[in-house]
Amino acid sequence: MCNRLWAGRPRTGASYCRLTALQSALCVVVASVVALGALTAAVASAAADLLYYDPFNIGSNPVNGEYAPFTPPVTETNPFVPLQGQNPTVGPTPFFSGPWIGSGPSGQFVQTSSLAYRGTPSSGGSVTTWFNPESQTGGEGRVGRYLTDPWTSTTVGTYYLSYMASYGTVADPYTNIGADLGFRTTEFWPEGGEVGNDVGRFEVGYQGFAGPTDQQVPRTARLHFTGPGTGGYKYLTDTTFNEDNDDTHLIVMKFELSDQPVSDTVSVFLDPYSVDEPVVPSASATNLDFTLSAMSTITVFGDPTGIRPVFDDLRVGTSYHDMIPPIGPKGPCIDGGYACYLEIISHMNLTGEYVGFGDVTGDGQVTIADYRYWKDRRTDLTPGTGSLSAVGVPEPTSWLLALIATMALAAAARHPFLRTLCLLECA
Ligand SMILES: [Ca+2]
Ligand SMILES: [Ca+2]
Ligand SMILES: [Ca+2]
């Protein structure tokens, strides 16, 4: 590898490295080891940015971050097991700690199934809610967990937080009753604020009890975030609650915190396509005073009908990259341009394709729905440009080998010993 690649950059005309077989082999092995070391270090470095990751794993050991699950309905032999009161130890840092706190009795519980974003399931279970119409106990409820070190007016830094969410359905899509939509938001309580306190809270989601009138019914409500200083609702999408139809979302939030008054910015990215932070978020609000003492799962109350919301895969970190779950090998569709369109067309009706290679909805099959999903989010504005780029897209395996080869060369270039070894007899 080394001799061939280095020889590709001869100092003169048709010169070639004249490495012995032993030197060539040694060069490859040592450079690859160095490269893999660098790769490992890079991964470790990236992982260090992750402050908290809770996929709601199921088990009997809270010290291992595990939750006790529940499956409705309640019977004599199947008592309700709430999320409220559970106190798992979740890492890698104790960003949130102490038990999940309920604002009154809550029907929030951990179910054994996970959400899957773009075909990538979170591990373990997830949080949903349940209401027992017979006992009228439990409600649906607000449950939140406190930050070990709250964000205050003096907190400075950039943080990211992400979670998977599905918001369910209503029984009657054409209802005019706000309570049918009910309350389905993730809540962020400010410094000094308790779980369930309405003062100063931010929210992401849908609800039928506040905000613009058209946002209180499911046929016109859109996913929003709002809070003190945002100037009303900030919409994350044009898709309505009914159109959303219980789809699984990834919501990434970015908090840029300053110790100066009205100088914080909160940005929200809906359903990211790539591990690279988009230049333009789905919505953002500036000149805020944002603090945080606790956050909820998806709070549910009112009298919601239909499928209940589900909350899963909570992450906190200091880099955007760490907020994105694995979404398969990188392919043309990760960038969402015209090359992705070609992937979708060439894989139409096939199953088992990766998100990056045509199954952009992640449901396991490439269909017209993938085309629509791509069309609504395409990143190229001039159809037709780059139409041949898909031809040269390497397969995942060769892409990985190319990456290692590139890193091997980079490593060799940085190490005098390897540079000497690899270039020893170059003309
Ligand atoms: Ca999960
Ligand atoms: Ca601040
Ligand atoms: Ca699909």
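## Helix packing, a buried glycine and some unusual backbone

The buried residues of α7 pack against α6. That contact is a good way into this model, which is a predicted one.

First, which residues are on the inside of α7? Asp370, Tyr373 and Trp374 are the buried ones in this helix. They sit on the same side of α7, because the arc they cover around the axis is only 95°. Flip to the other side of α7 and you find Ile368, Lys375 and Asp376, which are exposed.

Now for the geometry of the pair. Packed helices are usually summed up by two numbers, the angle between their axes and the distance between those axes. Here α6 covers residues 338–346 and α7 covers residues 368–377. Their axes are 10 Å apart and the packing angle is about 175°. Anything over 145 degrees counts as roughly antiparallel, so α6 and α7 are roughly antiparallel to each other. On the α6 side the contact is made by Cys340, Tyr341 and Ile344, while α7 brings in Asp370, Tyr371 and Trp374. Sorted by type, the residues of this contact come out as 5 nonpolar, 1 charged and no polar. Asp370 and Trp374 therefore turn up twice, as buried residues of α7 and as part of the contact with α6.

Zooming out for a moment, the chain has 9 helices and 20 strands. It runs to 427 residues, and buried ones make up 41% of them. If you take the contacts between residues at least 6 apart in sequence, 68% join residues at least 24 apart.

One loop residue worth a look is Gly141, between β8 (126–129) and β9 (143–151). Is Gly141 buried or exposed? It counts as buried, because 25 C-beta neighbours fall inside 10 Å and the cut-off for buried is 20 or more. Leaving out residues up to four places away in sequence, Gly141 touches Gly102, Ser103, Gly104, Pro105, Ser106, Gly107 and Gln108, along with Thr129, Val300 and Phe301. As for Trp130, this residue is 11 places from Gly141 along the chain, and their C-alpha atoms are separated by 9.1 Å.

Then there's the backbone itself. Most peptide bonds are trans, and most residues other than glycine have a negative phi. The table collects some exceptions.

| Site | Feature | Value |
|---|---|---|
| Pro72 to Pro73 | cis peptide bond | omega about 0° |
| Gly91 to Pro92 | cis peptide bond | omega near 5° |
| Val262 | positive phi | about 40° |
| Asp271 | positive phi | about 55° |

Where do these sites fall? Pro73 is in the loop between β3 (66–67) and β4 (96–102), and Pro92 is in the loop between β3 and β4 too. Val262 is in the loop between β15 (248–257) and β16 (264–270), and Asp271 is in the loop between β16 and β17 (283–288).

What about the surroundings of the two positive-phi residues? Val262 counts as exposed because it has 11 C-beta neighbours inside 10 Å, and 12 or fewer is the limit for that label. Asp271 has 17 other C-beta atoms within 10 Å, so this residue is partly exposed.

Notes
Residues numbered from 1 in each chain as written. Chains lettered and ligands numbered in written order. Predicted model: local features only at pLDDT ≥ 70, side-chain atom pairs only at ≥ 80, totals over all residues. Helix = DSSP H or I, 4+ residues; strand = E, 2+ residues; numbered from the N terminus. Axes fitted to C-alpha atoms, helices over the stretch in contact; angles between N-to-C directions. Parallel < 35°, antiparallel > 145°, perpendicular 65-115°, else oblique. Contact = placed C-beta atoms within 7 Å. Nonpolar A, V, L, I, M, F, W, Y, C, P; charged D, E, K, R; others polar. Arc of directions from axis to C-beta.
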